[in-house]
Amino acid sequence: MKTMGNAVGAGLIMTVAIMTATAQAEESKIPADMVYVGQGPSIMGLDKAQPADSGRRLTLYDKRMKTPLSAEAFNDEGPAHTVFLDSYLIDKYEVSNKDYGAFIKATGHPAPAYWDDPRLNKPQQPVVGVNWIDAKTYCEYREKRLPTEAEWEKAARGPHGNLYPWGNDFDSNKANYDRHHDATLSVDSHPEGASYYGVYNMAGNVFEWVGDWYDPKYYGRLGTMVNPTGPEKPLWVGGTGTYVDRLTVGEKRVIRGGSWIAPEGTIRSTHRFWNHPLNNSYGVGLGFRCAKSAPADWEQRIRDSYITALVEMGRERFSEAQQAVSRGLAMDPANVELLELRPLIEQSMKQR
């Protein structure tokens with residue numbers, strides 16, 4: 001009788017273990033439309049001493065765009081500084097007309113400007129003509145939020161702080177900007193220009209709203225380097241005299257990434273711009289993507305996977321080590337430690 005009881009108990013323990021492992025596996029799945037960005041430090045901003053453009057000769061149009069009435073307007077990218085961010089998920093693609101249309105149908109939210117423009121309203125093109133409130137409302141409907149400016153920049157620059165999503169060298173073939181095309185391209189266009197984390201079109205196509213208030217001097221007076229969320233209070237910004245907000249004054253939110261009609265300098269991953277949260281000016285090139293915080297235990301579970309893999313390698317249990325690496329990469333596909341460990345395990349298996 002005691003033996004039967006022990007067997008039943010062992011069976012229950014095994015069942016619970018399997019159910020727990022299954023639940024964790026389900027929780028570990030990154031949504032197909034998002035990518036994971038692991039916690040850690042990242043470079044934000046650009047010092048004046050760093051090269052910030054490709055050296056291409058400026059046209060009169062470029063010079064006009066780079067000479068706003070507000071002298072501080074294009075002097076807001078520095079100083080370069082290190083921030084520490086918790087892990088998070090960010091949309092792989094800009095929000096498409098298809099997804100935004102489903103949101104309109106489900107909620108009755110008003111359609112944005114240019115919704116009926118045949119140049120811009122194909123299902124896989126990014127939604128445009130949205131203001132900050134529209135973007136925030138959509139993200140909340142999807143149980144997400146707008147990324148912070150720091151999150152957006154880390155997802156664009158990667159762990160090495162690249163000037164462009166694809167690296168430090170400018171490449172005009174990897175982004176839709178400066179009217180190289182006569183409209184926005186589909187949200188999955190330019191895969192060759194995706195960032196280290198696999199995020200598409202963070203250079204060009206459409207400017208993207210982020211959560212932060214805009215302050216051109218914010219980088220010089222950061223209150224915290226850990227998970228910064230922008231200035232606590234909005235700054236009143238006067239007329240800029242630039243191609244965005246020429247006639248609008250007031251409190252501004254940050255927009256990032258450049259667009260299909262914006263000049264080359266705007267697609268640098270450190271470039272900052274702004275717009276009034278209720279304004280959709282520059283709407284043909286203004287969209288967004290969403291983000292959300294990663295589950296609280298993901299970082300520990302990823303770390304546990306790495307340690308388990310090392311232990312199993314020491315025991316020469318290489319299949320188990322591979323499984324541990326796979327579990328970690330299911331949560332963080334770009335994890336450098338796990339990616340470096342995988343070929344070492346494969347090499348050890350061949351040498352047995």
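## Surface and overall make-up

About 17200 Å² of accessible surface belongs to the protein chain, and carbon and sulfur atoms account for 55% of that area. The model is a predicted one. Of the 352 residues in the protein chain, 49% are buried.

The protein chain contains 8 helices and 11 strands. When contacts between residues at least 6 apart in sequence are considered, 76% of them join residues at least 24 apart.

## Confidence

Across the protein chain the pLDDT averages 83, and 80% of the residues score at least 70. Residues 1–27 stay under 50 in pLDDT, and the model gives this stretch 3 contacts beyond four places in sequence. Residues 50–73 also have a pLDDT below 50. For residues 50–73 the model has 34 contacts beyond near neighbours in sequence.

Where pLDDT is low, the predicted coordinates should not be read in detail.

## Nonpolar cores

In soluble globular proteins, nonpolar side chains tend to be buried together. The largest nonpolar core in this model has 50 residues. Within this core, the members that touch the most others are Ile90, Tyr100, Tyr138, Trp209 and Phe288.

Tyr100 shows what such a position looks like. Leaving aside residues up to four places away in sequence, Tyr100 touches Val95, Pro112, Val127 and Val130, the aromatic residues Trp115, Tyr138 and Phe288, and also His109 and Asp134. Two of these partners, Tyr138 and Phe288, are themselves listed among the members with the most contacts to the rest of the core. A second core, separate from the largest one, holds 19 residues, including Met34, Ile302, Met331 and Ile345.

## Helix 5

Helix 5 spans residues 149–157 and is mostly covered, with 9 of its 9 residues buried. The buried residues of helix 5 include Glu149, Glu151, Glu153, Lys154 and Arg157. Trp152 is buried there as well, as are Ala150, Ala155 and Ala156.

Gly158 comes just after helix 5 and takes a positive phi of about 75°.

## A nonpolar patch on the surface

Which residues form a nonpolar patch on the surface? Phe84, Met225 and Val226 do, and together they have about 240 Å² of accessible area.

Phe84 is part of strand 3, which covers residues 81–85. Phe84 counts as partly exposed because its relative accessibility is 31%, a value between the 20% limit for buried and the 50% limit for exposed.

Methods. Residues are numbered from 1 along each chain as its sequence is written. Side-chain values use heavy atoms; hydrogens and water are left out. Patches are made of residues with over 30% relative accessible area and no salt bridge: like charges are joined within 9 Å, nonpolar side chains (Val, Leu, Ile, Met, Phe, Trp, Tyr) within 5 Å. Accessible areas come from the Shrake-Rupley method with a 1.4 Å probe; for residues, only the protein chains shown count as cover. A salt bridge is a side-chain nitrogen of Lys or Arg within 4 Å of a carboxyl oxygen of Asp or Glu. Helices (H or I, at least four residues) and strands (E, at least two) are DSSP runs, numbered from the N terminus. Buried means under 20% relative accessible area, exposed over 50%, partly exposed in between (1.4 Å probe, protein chains only). A nonpolar core is a set of buried Ala, Val, Leu, Ile, Met, Phe, Trp, Tyr and Cys residues joined through side-chain atoms within 4.5 Å. Contact means heavy atoms within 4.5 Å. pLDDT is the predictor's confidence in each residue, from 0 to 100.
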